[in-house]
Amino acid sequence: MLRSAGPGQALLLSALLCRLAAADYAALPTAVNITWSSINFKTILQWQPKPSGYFYTVEIHGQTSDIKKKCILTTETECDVTDALKDVKETYVAHILSVMPAGMDNFEEPPYALSEKFTPYSQTVIGKPEIKNYTQKGSKLNVVIKDPLTPYTFPNGSFQSIRDIFQHDLEYKLYYWKDQSSGKKDATTKSHTFEVSVESTKNYCFYVQGFVPSRRENRNGQTSVVHCTTGERGIFDEYGAEVFIIIAVIAIAVITLAIVLPVILCKRKKARAAREKEPLNGV
C-alpha cells in the first residue's frame, strides 16, 4: 500500500525539480550581438542566434519606469519594442531571456543577456524628410519640407511628427547647387521652409537633411531625395559665354558681308559698263 509523501519528502522532491530545472537553464544559450535599430522612434531590437528547443522573451528595463515584457516566448531574433519606449528621454536596457516552453512558470530565473543602454531621444536616427513642394521664381529658390512621422500618436489618434517630439531641437539643412555643377552651398532653418538667393538664369538641384545640434553623436539624419528645378534655359545658359562670342562674331561678319558685297558688285558693274563704252583701239 502506497503512503503519501510527508512534508520532508515533498520538500526534497521540490528541491530536486528545481535543481533539474536549473541544470536545464544552465545549458541554454544566451543572446549575442544585441543591437538597437531605430528610425524616427520606431525601434527594433535584434540579436542572435536562432533558438532551437527554447524561446526568447524580451524585458525592457527603464531607469524610472516599470519592466515591460515584449515578444514573449518568441522564436524570432528581433522584436519591435517601440511601444515600450514611449518616454523617449528615458534610458533603457533590454534583458533577452532564454526560456524553456514552460519557463515563465518556473521558480528558477532564466539566463539572459543584456543590451547596451539606449535613449530614443538622443539615439534614434532622423529619417528622410519629404520635399512637399518647391519653386524657383527669378532669383529665389523656395523649398517646403514635411516632417517625418513617428509611430507615437496624440490622444485623437493622429501621428506625432519628429517636430512634435524634438520641438526647437530639430533643424533642417538645405544643400543646393547649380545644375551640372559640383559646387554646393547650404542653408539652415528651424522651420519647414527655405528661401535662398540663386541665379535666375540657372536651374538648381538640392536635397534636405534633418539634424539635432544638441546631440553629441548621431546628429545628422538621412538625406531626402534630390530634386532639380526645370525652368527654361537658353542656349547661352546651357553652353556659356563662349557660344555668345562665337555667334556675335558670325553675326558681325554676316552683316559686314551683306553691306560690303553689294558695294563691290556695284563698283564692278560700273567698271564693266565703262569699259564697254570705250572705243576700240585702231578704229
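Is cysteine 71 buried, partly exposed or exposed, and what is its relative accessibility? The legends below take up this cysteine and others in a predicted model.

**View 1. The disulfide between cysteine 71 and cysteine 79.** In this predicted model, the sulfur atoms of cysteine 71 and cysteine 79 are joined in a disulfide, with an S to S distance of 2.0 Å. Cysteine 71 counts as partly exposed because its relative accessibility is 26%, whereas cysteine 79, at 1% relative accessibility, counts as buried. The link between cysteine 71 and cysteine 79 is right-handed, with 95° about the S-S bond.

**View 2. The disulfide between cysteine 205 and cysteine 228.** A search of the whole structure finds 2 disulfides, and this view shows the one formed by cysteine 205 and cysteine 228, whose sulfur atoms are 1.9 Å apart. The torsion about the S-S bond of this pair is about 105°, so the disulfide is right-handed. The pair links distant parts of the chain, 23 residues apart, with cysteine 205 lying in strand S15 (residues 204–211) and cysteine 228 in strand S17 (residues 227–228). Cysteine 205 counts as buried because its relative accessibility is 4%, while cysteine 228, at 29% relative accessibility, counts as partly exposed. When the bonded cysteines are counted along the chain, the disulfides follow the pattern 1-2, 3-4.

**View 3. The two sides of strand S15.** Strand S15 is mostly covered, with 8 of its 8 residues buried. In a regular strand the side chains alternate between the two faces of the sheet. From S15, Tyr204, Phe206, Val208 and Gly210 point one way, Cys205, Tyr207, Gln209 and Phe211 point the other way, and all of these residues are buried. Cys205 thus belongs to the set that includes Tyr207, Gln209 and Phe211, and this cysteine is also the one that forms a disulfide with cysteine 228.

**View 4. The strands that pair with S15.** Strand S12 (residues 171–178) pairs with S15 in the antiparallel sense over 8 bridges, and within this pairing lysine 178 has tyrosine 204 of S15 as its bridge partner. S15 is also joined by 2 bridges to strand S16 (residues 220–223), and these two strands run antiparallel; here the bridge partner of glutamine 209 is threonine 223 in S16. A further 2 bridges join S15 to S17, again in an antiparallel arrangement. In this last pairing cysteine 205 stands opposite cysteine 228 in S17, and these two cysteines form a disulfide.

Terms used:
Residues are numbered from 1 along each chain as its sequence is written. This is a predicted model: local features need pLDDT of at least 70, side-chain atom pairs count only at pLDDT 80 or more; totals for chains, interfaces and linings use all residues. Side-chain values use heavy atoms; hydrogens and water are left out. A disulfide is a pair of cysteine sulfur atoms within 2.5 Å. Buried means under 20% relative accessible area, exposed over 50%, partly exposed in between (1.4 Å probe, protein chains only). Helices (H or I, at least four residues) and strands (E, at least two) are DSSP runs, numbered from the N terminus. Two strands pair if DSSP finds at least two bridges between them.
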